[in-house]
Amino acid sequence: MEKKFRFALVGHSEELAEAVRRCINPEIEEVAIKVVKMGQSLPVAKRLVDEGTEIIFGHMGNAHLMYQEIGQPVVENLR
């Protein structure tokens, strides 16, 4: 079996989390979805990267903060 891409969504919106759940292809993608409160996104994103997550999706201003903190690309402005 081919390696799955490991994504994570770290954000404050359950609606956004549900939209991401509906869009992934579980045959080739693995996604961790973490709906967090303000102030929790940075440590959660860092932990996910340390655990092998390749791409973090962020929402609103948190994406830039996560990038600064973890030093790994963060996809911003999911709509």
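1. Let's start with V75. Leaving out residues up to four places away in sequence, V75 touches I55, I56, F57, G58 and A63. You'll find V75 in strand β4, which covers residues 74–75. With a relative accessibility of 34%, V75 counts as partly exposed. One of the residues it touches is I55; V75 and I55 sit 20 residues apart in sequence, and their C-alpha atoms are 7.4 Å apart in space. Keep in mind throughout that this is a predicted model.

2. Next, the rings. How many aromatic pairs does the structure hold? There are two aromatic pairs. One is made by F5 and F7: their ring centres are 6.4 Å apart and the planes stand at 45 degrees, a pair described as tilted. The other joins F7 and F57, with centres 5.5 Å apart and planes at 25 degrees, so this pair is stacked. The cut-off behind that word is simple: planes under 30 degrees apart count as stacked.

3. Have a look at where the F7 and F57 partners come from. F7 belongs to strand β1 (residues 5–11), while F57 belongs to strand β3 (residues 55–57). The two are 50 residues apart, so the pair links distant parts of the chain. Put F5, F7 and F57 together and you have one aromatic cluster.

4. Are the members of that cluster buried or exposed, or something in between? F7 has 15% relative accessibility and counts as buried. F57 comes out at 19%, and it counts as buried too, because the limit for buried is under 20%. F5 has 49%, which makes it partly exposed; exposed would need over 50%.

5. T53 is worth a stop here. T53 sits in the loop between α2 and β3, and yet it is buried, with a relative accessible area of 7%. Setting aside residues up to four places away in sequence, T53 touches R6, F7, A8, L48 and Q72. You've met one of those already: F7 is part of the aromatic cluster with F5 and F57.

6. Now for the helices. Two packed helices are described by the angle between their axes and the distance between the axes. Here helix α2 (residues 41–50) packs with helix α3 (residues 62–70) at an angle of about 55 degrees, and the axes are 9 Å apart. That angle makes α2 and α3 oblique to each other, since roughly perpendicular would begin at 65 degrees and roughly parallel ends at under 35. Which hand does the crossing of α2 and α3 have, left or right? The crossing is right-handed.

7. So who does the touching? From α2 the contact uses S41, L42, A45, K46 and V49, and from α3 it uses N62, L65, M66, E69 and I70. Sort the residues of this contact by kind and you get six nonpolar, two polar and two charged.

8. S41 deserves its own point. This residue is in helix α2 and it is buried, with a relative accessible area of 2%. What does S41 contact, once neighbours within four places in sequence are left aside? The answer is V10, V36, N62 and M66. Both N62 and M66 are on the α3 side of the helix contact.

9. D50 is another residue of helix α2. At 57% relative accessibility, D50 counts as exposed. D50 and I70 are 20 residues apart in sequence, with a C-alpha to C-alpha separation of 9.3 Å.

10. Strand β2 also has something to say about α2. K34 is in β2, residues 29–35, and is partly exposed, with a relative accessible area of 30%. Neighbours within four places in sequence aside, K34 is in contact with L9, V10, G11, V44, R47 and L48. The C-alpha atoms of K34 and A45 are separated by 8.9 Å, and the two residues are 11 apart along the chain.

11. Last one: G39, in the loop between β2 and α2. Is G39 buried or exposed? At 66% relative accessibility, G39 counts as exposed. G39 and G11 are 28 residues apart in sequence and 11 Å apart in space, C-alpha to C-alpha. Try setting G39 beside T53: both are placed in loops, but G39 is exposed whereas T53 is buried.

Technical notes: Residues are numbered from 1 along each chain as its sequence is written. This is a predicted model: local features need pLDDT of at least 70, side-chain atom pairs count only at pLDDT 80 or more; totals for chains, interfaces and linings use all residues. Side-chain values use heavy atoms; hydrogens and water are left out. Axes are lines fitted to C-alpha atoms, for helices over the stretch in contact, and angles run from 0 to 180 degrees between N-to-C directions. Helices (H or I, at least four residues) and strands (E, at least two) are DSSP runs, numbered from the N terminus. Angles under 35 degrees count as roughly parallel, over 145 as roughly antiparallel, 65 to 115 as roughly perpendicular and the rest as oblique. A crossing is left-handed if the near helix is turned anticlockwise from the far one by less than a right angle, and right-handed if clockwise. Contact means heavy atoms within 4.5 Å. Ala, Val, Leu, Ile, Met, Phe, Trp, Tyr, Cys and Pro count as nonpolar, Asp, Glu, Lys and Arg as charged, and the others, Gly among them, as polar. Rings of Phe, Tyr and Trp (its six-membered ring) pair if their centres lie within 6.5 Å; planes under 30 degrees apart count as stacked, over 60 as edge-to-face and the rest as tilted. Buried means under 20% relative accessible area, exposed over 50%, partly exposed in between (1.4 Å probe, protein chains only).
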